Amino acid sequence: MNTARPEARGEEIVREEGAQLDFSQSMSYGDYLHLDALLGAQHPLSPTHNELLFIIQHQTSELWMKLMLHELHAALDNLRADALQPAFKMLSRVSRILEQLVHAWDVLATMTPSEYTALRPYLASSSGFQSWQYRCTEFLLGNKNAAMLRPHAHRPEQLATVEAAWRAPSLYDEALRLLARRGLPIAPDSLERDWTQPYAASESVERAWLTVYRAPEQHWDLYQLGEELVDLEDAFRLWRFRHVTTVERVIGFKRGTGGTGGVPYLRKMLDTVLFPELWTLRTDL
């Protein structure tokens with residue numbers, strides 16, 4: 001029978017494992033992750049207990065968005081280079097990131113209307129509507145809107161980043177260019193256009209996707225690309241829907257702190273379709 005004190009036994013186990021315990025001369029976990037800066041970035045302005053939840057939920061969402069943009073840019077580069085397998089991995093990862101963002105609303109939904117009301121005056125006009133990373137994500141996914149550049153005009157470096165995403169071909173634009181390179185007939189106005197404008201559905205594009213979907217064994221990688229895009233948009237819609245329901249649960253139909261109509265505005269955004277032909281073709285198959 002081992003009669004050693006529990007704490008002594010714990011120390012013995014650590015010694016047996018040979019775990020490094022002295023980090024005075026080497027990089028630790030906290031050093032690598034810059035945890036001092038990360039954990040010191042929460043600065044509540046109100047006396048309310050619930051503000052820390054509100055801050056951390058939005059900060060972690062921004063971190064996930066940073067990774068999402070990293071993966072989307074890499075996926076775009078791979079589509080341009082006809083490297084579909086790496087692009088699939090990246091697009092799949094984006095869909096899983098969106099799942100994390102959906103579940104983040106579950107935590108925020110634990111905040112009651114009275115708790116948020118106590119916090120709201122301290123937010124002033126700040127709003128997630130002003131997230132430049134979210135705007136870049138929307139632009140990369142094809143939801144282009146020049147008005148959404150204006151909230152970033154006071155930060156030139158951020159404006160330049162958002163504007164670059166606004167002016168560039170979207171993920172779907174690059175997917176259509178890929179289809180054309182593979183010999184599928186797509187009208188020129190869907191391949192070379194003003195990239196700052198929202199994409200408009202095209203009969204030639206739907207016919208091209210139908211060709212792929214009617215013979216998946218012949219166009220397997222393009223078929224997989226179509227399904228990766230549908231998976232991504234499905235996850236993006238769920239994120240938006242969960243946002244709407246959480247906002248309605250917490251603030252009802254009050255106007256948003258950023259000046260939007262709140263829930264009515266968010267519901268309008270639910271009608272946006274990013275990759276239209278990939279949805280409509282299902283009726284014609």
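**Exercise 1. Helix 13 and its surroundings**

Task: In this predicted model, determine which residues of helix 13 are buried and which helices they pack against.

Solution: Begin with the burial of the individual residues, where buried means under 20% relative accessible area; in helix 13 the buried residues are Pro 276, Glu 277, Leu 278 and Leu 281. Next, look for their partners: these buried residues pack against helix 9 (171-181), helix 10 and helix 11.

**Exercise 2. The pair formed by helix 10 and helix 13**

Task: Describe how helix 10 (residues 203-214) and helix 13 (residues 276-284) cross, and name the residues that make the contact.

Solution: Two packed helices are described by the angle between their axes and the distance between the axes. For helix 10 and helix 13, the axes come within 9 Å and cross at roughly 60°. Angles under 35 degrees count as roughly parallel and those from 65 to 115 as roughly perpendicular, and helix 10 and helix 13 are therefore oblique to each other. The crossing of these two helices is right-handed. On the helix 10 side, the contact is made by Val 205, Glu 206, Trp 209, Leu 210, Tyr 213 and Arg 214, while helix 13 contributes Glu 277, Leu 278, Thr 280, Leu 281, Arg 282 and Asp 284.

**Exercise 3. The length and the buried face of helix 8**

Task: Check the end-to-end span of helix 8 (residues 156-167) against the expected value, and then work out how its buried residues are arranged around the axis.

Solution: The expected span is 1.5 Å times one less than the number of residues, so the 12 residues of helix 8 should span 16 Å, and this agrees with the end C-alpha atoms, which are 16 Å apart. The buried residues of helix 8 are Gln 158, Val 162, Ala 165 and Trp 166. Seen down the helix axis, these buried residues fall within an arc of 105°, so they line one face of helix 8. Their packing partner is helix 7 (132-140).

**Exercise 4. The pair formed by helix 7 and helix 8**

Task: Classify the packing of helix 7 and helix 8 from the angle and distance between their axes, and follow Gln 158 of helix 8 to its contacts.

Solution: Helix 7 and helix 8 pack at an angle of about 15°, with their axes 8 Å apart. Angles under 35 degrees count as roughly parallel, and helix 7 and helix 8 are therefore roughly parallel to each other. Their crossing is left-handed. Trp 132, Arg 135, Cys 136, Phe 139 and Leu 140 of helix 7 make the contact with Gln 158, Thr 161, Val 162, Ala 165 and Trp 166 of helix 8. Turning to Gln 158, its relative accessible area of 15% makes this residue buried, and, when neighbours within four places in sequence are left aside, Gln 158 is in contact with Trp 132 and His 152.

**Exercise 5. Glu 228 and His 103**

Task: Decide whether Glu 228 and His 103 are each buried, partly exposed or exposed, and place both residues in their helices.

Solution: Glu 228 lies in helix 11 (residues 220-251), and at 12% relative accessibility Glu 228 counts as buried. Not counting residues up to four places away in sequence, Glu 228 touches Phe 88, Leu 91 and Ser 92. His 103 has its place in helix 5 (residues 84-108), and at 48% relative accessibility His 103 counts as partly exposed. As a final step, compare sequence and space: His 103 and Trp 220 are 117 residues apart in sequence and 32 Å apart from C-alpha to C-alpha, whereas Glu 228 and Ala 109 are 119 residues apart in sequence and 29 Å apart in space, again C-alpha to C-alpha.

Key: Residues are numbered from 1 along each chain as its sequence is written. This is a predicted model: local features need pLDDT of at least 70, side-chain atom pairs count only at pLDDT 80 or more; totals for chains, interfaces and linings use all residues. Side-chain values use heavy atoms; hydrogens and water are left out. Helices (H or I, at least four residues) and strands (E, at least two) are DSSP runs, numbered from the N terminus. Buried means under 20% relative accessible area, exposed over 50%, partly exposed in between (1.4 Å probe, protein chains only). The arc is that of the directions from the helix axis to the C-beta atoms. Contact means heavy atoms within 4.5 Å. Axes are lines fitted to C-alpha atoms, for helices over the stretch in contact, and angles run from 0 to 180 degrees between N-to-C directions. Angles under 35 degrees count as roughly parallel, over 145 as roughly antiparallel, 65 to 115 as roughly perpendicular and the rest as oblique. A crossing is left-handed if the near helix is turned anticlockwise from the far one by less than a right angle, and right-handed if clockwise.
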